[in-house]
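This report describes selected side chains and backbone positions in one protein chain. The sequence and the model come first, and the text follows.

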Amino acid sequence: MDRRKALKGLGLSLGFVVATPTILSMLQSCKKDTTAVASWVPKFFSADEGTVVENLVDLILPRTEDLPGASDVNVAEFIDLYTSKVLGKEEQEGYKKGLGAVMKALKKPVRDITTEDYDGLLA
């Protein structure tokens, strides 16, 4: 199954449900500023969690010759903003717990995790 087509279909089917002003403003705030030197600073995630999420979404939606990848369209930043602004406390706690399990499964400090480690986790 083509992940891009599946995600596009899911996005189109949910588009009318999630097109709220909050989400639209989050999408606008996730635009990449090409003149800025500073990198993304997560609002909900810790710096290490943000790095893990960013690397995982890049593997799930890699850049191709014809299409941008997850990092090109700031997917990790959107997930961070969505989680911090839309999810309730209970859902946020569940999200943190799940992300903690992912980080524990990687079994290394974030700075030592390789692409192969992330790929192995996804496999």
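Lys107 has a relative accessibility of 71%, and it counts as exposed because that value is over 50%. The model it belongs to is a predicted one. Lys107 sits in the loop between helix 5 and helix 6 (115–122). Its phi is near 60 degrees, a positive value in a residue other than glycine. Most residues other than glycine have a negative phi.

Asn74 also has a phi near 60 degrees, again positive and again in a residue other than glycine. Asn74 lies in the loop between helix 3 and helix 4. At 4% relative accessibility, Asn74 is buried, because the limit for that class is under 20%.

**Salt bridges**

How many salt bridges does a search of the whole structure find? The search finds 3. The table gives the residues of each pair and the distance between N and O atoms.

| Lys or Arg | Asp or Glu | N to O distance |
|---|---|---|
| Lys96 | Glu49 | 2.6 Å |
| Arg63 | Asp72 | 2.3 Å |
| Lys108 | Asp117 | 2.8 Å |

The salt bridge between Lys96 and Glu49 links distant parts of the chain: Lys96 belongs to helix 5 (residues 89–106) and Glu49 to helix 3 (residues 47–60), with their positions 47 residues apart. Lys96 is partly exposed, at 29% relative accessibility, whereas Glu49 is buried, with a relative accessible area of 10%.

In the pair of Asp72 and Arg63, Asp72 is partly exposed at 27%, and Arg63 is exposed at 58%. For the pair of Asp117 and Lys108, the relative accessibility is 23% for Asp117, which counts as partly exposed, and 37% for Lys108, which counts as partly exposed.

**Aromatic rings**

Lys96 has a further partner: it lies over the face of Phe44, at 4.9 Å from the ring centre. Phe44 is part of a cluster that ring pairs form with Phe45 and Tyr95.

The structure holds 4 aromatic pairs. One of them joins Phe44 and Phe45, with ring centres 5.6 Å apart and planes at 65 degrees; the pair is edge-to-face because this angle is over 60 degrees. Both Phe44 and Phe45 are buried.

**Thr83**

Two members of the ring cluster, Phe44 and Tyr95, are also touched by Thr83, as is Gln92; residues up to four places away in sequence are not counted here. Where is Thr83 found? Thr83 is part of helix 4, which covers residues 75–85.

Is Thr83 buried or exposed? Thr83 has a relative accessible area of 1%, so it is buried, the limit being under 20%. Within the chain, Thr83 and Phe45 are 38 residues apart, and 8.9 Å separates their C-alpha atoms. A polar atom of the Thr83 side chain lies 2.6 Å from the backbone oxygen of Ile79.

**Picture in brief**

Phe44 connects several of these features. Its ring belongs to the cluster with Phe45 and Tyr95, its face has Lys96 over it, and Thr83 touches it. Lys96 in turn forms the salt bridge with Glu49.

Key: Residues numbered from 1 in each chain as written. Predicted model: local features only at pLDDT ≥ 70, side-chain atom pairs only at ≥ 80, totals over all residues. Heavy atoms only, no water. Helix = DSSP H or I, 4+ residues; strand = E, 2+ residues; numbered from the N terminus. Buried < 20%, exposed > 50% of the residue type's maximum accessible area, 1.4 Å probe, protein only. Contact = heavy atoms within 4.5 Å. Polar contact = N/O pair within 3.5 Å; in protein donor to acceptor, adjacent residues only side chain to side chain. Phe/Tyr/Trp six-rings, centres within 6.5 Å; stacked < 30°, edge-to-face > 60°. Lys NZ or Arg CZ within 6 Å of the ring centre and 35° of its normal. Salt bridge = Lys/Arg side-chain N within 4 Å of Asp/Glu carboxyl O.
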